[in-house]
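Open the structure in your viewer and keep the sequence panel beside it. This tour says what to select at each stop and what is there.

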Amino acid sequence: MRALSAFLFHLLVTPPPSSAIRIHPLTRCHHCATLPLMVAHKNSGETSPGTVQFSPAVDKLQEFLHSNPSDGWERCWEERLTPWDLGKPTPVLQHLLQTDSLPKGRALVPGSGSGYDVITLASPERYVIGLDISEVAIKKARELASSSPNANYISFTQADFFTWEPTQHFDLIFDYTFFCAIVPNMRSAWATRMADLLKPDGELITLMFPIDDHDGGPPYKTSVADYEEVLHPLGFHAISIVENELAVDRRKGREKVGRWQRTMTVCSL
């Protein structure tokens, strides 16, 4: 894994004040409940740089979810059709932990899948909850976490992110391949839930993927503007938005790391 550039390292490790926000300009998956799904369609002709090239596994995933709208995500886990699963912790999350640049306290990983990121985040100073709609995914994650030295600081909950009601707020929420898995007309509801679940001074970290231009999904295309459109009305502002230089090979150039905080309180718990 090549090292981060000094510029990226600075932004990720020490988020600048709001007056120093740097946002790189852009051209203009996971386990949610029984929402309507669309099958992605590839653009015809030659592919432009930055356009997602769907693997056969992703094509199969889209077709499978389209034909199973009521229990598609559960069936995907049962059939081991999980192309979004890296099979390891997210590299940039590991980097942020190694540089001690993440909030302590309570953390949430929605659409936690196999649980690698939950296990990686957990420590005596950080209690982490993994949330997933799939019973199979939760079972797999619990088995994986059982051997972790930080097992006492981990829990997994099977629930729908949009209706789940925890009893406490979170200092940190980490979203990766969750925003892109829900149909775009549910993104405002996603943002509302983030505002409800975070503490007033909490931080939301979003790995924005896939940044490209394709039709349908999941994964549905994303952009910085898509996040801003739903987060800004709820008082979120970007601390930093940078290219994810630690993205896995097949996602390089298609991901950005966004770090967000709120300037006003919108909590319902």
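The stops below go from the whole protein to its nonpolar cores and then to a single leucine.

Begin with everything selected, and keep in mind that this is a predicted model. Coloured by secondary structure, the protein shows eight helices and seven strands. Of its 269 residues, 55% are buried. Switch on the surface: the accessible area is about 12,000 Å², and carbon and sulfur atoms account for 51% of that.

Next, select Trp190, Leu204, Leu231, Phe236 and Trp260. These belong to the largest nonpolar core, which has 30 residues, and they touch the most other members. Now add the elements around them: strands E2 (126-132), E4 (170-176), E5 (198-208) and E6 (236-243), together with helices H7 (187-197) and H8 (224-231), each supply at least two residues of this core. H7 gives the most, with five.

Then move to another core, which lies apart from that one and has 27 residues; Val118, Ala122, Phe174 and Leu246 are among them.

For the last stop, select leucine 102. It sits in the loop between helix H4 (91-98) and strand E1 (105-110). Is leucine 102 buried or exposed? Its relative accessible area is 6%, under the 20% cut-off, so leucine 102 counts as buried. Show its contacts, leaving out residues up to four places away in sequence: leucine 102 touches Leu93, Leu96, Leu97, Leu121, Arg126, Leu172, Ile205 and Arg259. Finally, draw a C-alpha to C-alpha distance from leucine 102 to arginine 126: the two are 24 residues apart in sequence and 9.7 Å apart in space.

Conventions:
Residues are numbered from 1 along each chain as its sequence is written. This is a predicted model: local features need pLDDT of at least 70, side-chain atom pairs count only at pLDDT 80 or more; totals for chains, interfaces and linings use all residues. Side-chain values use heavy atoms; hydrogens and water are left out. Helices (H or I, at least four residues) and strands (E, at least two) are DSSP runs, numbered from the N terminus. Buried means under 20% relative accessible area, exposed over 50%, partly exposed in between (1.4 Å probe, protein chains only). Contact means heavy atoms within 4.5 Å. A nonpolar core is a set of buried Ala, Val, Leu, Ile, Met, Phe, Trp, Tyr and Cys residues joined through side-chain atoms within 4.5 Å. Accessible areas come from the Shrake-Rupley method with a 1.4 Å probe; for residues, only the protein chains shown count as cover.
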